[in-house]
Amino acid sequence: MTSPPQSLWTAEVLTLFPEMFPGPLGFSNLGRALEDGIWALRTTQIRDYADNKHRNVDDTPAGGGPGMVMRADIAARALDAVQARAPNQPMIYLSPRGRPFTQRRARELAAGPGVILLCGRFEGVDERLLQARPIEELSIGDFVLAGGELAAMVVIEAVVRLLPGVLGAAASVEEESFENGLLEYPHYTRPAIWEGRPIPAVLTSGNHRKIALWRRQMAEAVTRARRPDLWAKWARSKARRKRAHDN
Ligand code: SAH
């Protein structure tokens, strides 16, 4: 495979199941952008770095207990090989024990050259790998998946849709959920009345100031009702902004 040019945002994925990729990432806007060379995807089979006869990458957990653990030496060889060709890309291990992945982290990653994503399987990787390499652990939520591949796809999709040219000029990502600390306001489209339910009158009023105000109020109401954690944070930052403005 030829190396993508330096400027291309590149996802390097280390996995035991490279056939899973691009999978869902090959469809719609992201898939088109992949074909058009707006971003690049490369997979590395971790098993190719196993040196034993049976190409095993896992072994039984020290101390006993169920399941298997991915070996640090084999995963490190794979990781080091990928890092050598993508030295500026942050290394991420998908893990339920990681820091929660957020829209903010997606924005930061979109501004960089790409990512190196290590997908775990079994009980996860030997802890010493995470100590010996500068690896950031990211979780996509408080639940346990069978492997890191879907989590890696979630991270890639959230980042790539932010890259210039992927969603097209018409799409606005600025007003979306989490971008300003609030969940998004509700959307409506034709028909004007559906099952007896009309579109809120303000949206068909043509008054853009009123529409913007209504949307802001709805965003606040839905955030307050559904996500008290986000609401508290947003209320604090609003108070801070107000103080800064008043001073
Ligand atoms: N024994 C581990 C879970 C292993 S699940 C624990 O209890 O913490 C197997 C692999 O799936 C992990 O190595 C990780 O790469 C991936 N994975 C599972 N849940 C995840 C999540 N919420 N976010 C990101 N990756 C996850």
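Student: Let's start with contacts: what share of those between residues at least 6 apart in sequence join residues at least 24 apart?

Tutor: The idea is to ask how far along the chain the contacting residues sit from each other. In this protein, 73% of the contacts between residues at least 6 apart link residues at least 24 apart in sequence. Keep in mind that we're looking at a predicted model.

Student: Okay, and the overall picture? How many helices and strands are there?

Tutor: Take the inventory before the details. Here you get seven helices and nine strands. Along the principal axes, the C-alpha atoms fill a box of roughly 70 × 45 × 40 Å. As for burial, 40% of the 247 residues count as buried.

Student: Into which domains is the protein divided?

Tutor: Look at the bounds, then at the spacing of the centres. Domain 1 covers 9–160 and domain 2 covers 175–246. Their C-alpha centres are 36 Å apart.

Student: Now the sheet. In what order do its strands come?

Tutor: Read a sheet from edge to edge, then check the sense of the pairing. This one is open, has five strands in the order 2-1-6-5-7, and pairs in parallel. Strand 2 (39–45) and strand 7 (135–139) are the edges; each has a single partner strand, so one side of each lacks a neighbour in the sheet. On average, neighbouring strands are turned by 35° against each other, direction ignored.

Student: Strand 7 is an edge strand, so I'm curious about burial: how many of its residues are buried?

Tutor: Keep the two ideas apart: a place in the sheet's order is one thing, burial another. Strand 7 is mostly covered, with four of its five residues buried.

Student: And how many bridges join strand 5 to strand 7?

Tutor: Count bridges, then pick out a pair to get the register. Strand 5 and strand 7 run parallel and are joined by six bridges. One place to look is P100, which stands opposite S139 in strand 7. Strand 5 (residues 91–100) also pairs with strand 6 (residues 114–118), again in the parallel sense, over three bridges. There, Y93 has L118 of strand 6 as its bridge partner.

Student: On to helix packing. At what angle do the axes of helix 3 and helix 5 cross?

Tutor: Start with axis distance and crossing angle, then see who touches whom. The axes of helix 3 (residues 103–111) and helix 5 (residues 149–160) come within 8 Å and cross at roughly 70°. That's why helix 3 is described as roughly perpendicular to helix 5. On the helix 3 side you'll find A106, L109 and A110, meeting V155, A158 and V159 of helix 5. Sorted by class, this contact has six nonpolar residues, no polar ones and no charged ones.

Student: What about helix 6 and helix 7: how far apart are their axes?

Tutor: Same routine. Helix 6 (residues 208–226) and helix 7 (residues 228–246) have axes 6 Å apart and pack at an angle of about 130°, which means helix 6 is oblique to helix 7. Helix 6 contributes R216, E220, T223, R224 and R226, while helix 7 brings P228, L230, W231, W234 and K238. By class, that contact has four nonpolar, one polar and five charged residues.

Student: Last one: is G65 buried or exposed?

Tutor: Locate the residue, then check its accessible area. G65 lies in the loop between strand 3 (58–59) and strand 4 (69–70). With a relative accessible area of 56%, G65 is exposed. C-alpha to C-alpha, G65 is 40 Å from P113, and the two are 48 residues apart in sequence.

How values were computed:
Residues are numbered from 1 along each chain as its sequence is written. This is a predicted model: local features need pLDDT of at least 70, side-chain atom pairs count only at pLDDT 80 or more; totals for chains, interfaces and linings use all residues. Side-chain values use heavy atoms; hydrogens and water are left out. Two strands pair if DSSP finds at least two bridges between them. Axes are lines fitted to C-alpha atoms, for helices over the stretch in contact, and angles run from 0 to 180 degrees between N-to-C directions. Domain bounds come from an automatic or database domain assignment. Angles under 35 degrees count as roughly parallel, over 145 as roughly antiparallel, 65 to 115 as roughly perpendicular and the rest as oblique. Contact means heavy atoms within 4.5 Å. Ala, Val, Leu, Ile, Met, Phe, Trp, Tyr, Cys and Pro count as nonpolar, Asp, Glu, Lys and Arg as charged, and the others, Gly among them, as polar. Buried means under 20% relative accessible area, exposed over 50%, partly exposed in between (1.4 Å probe, protein chains only).
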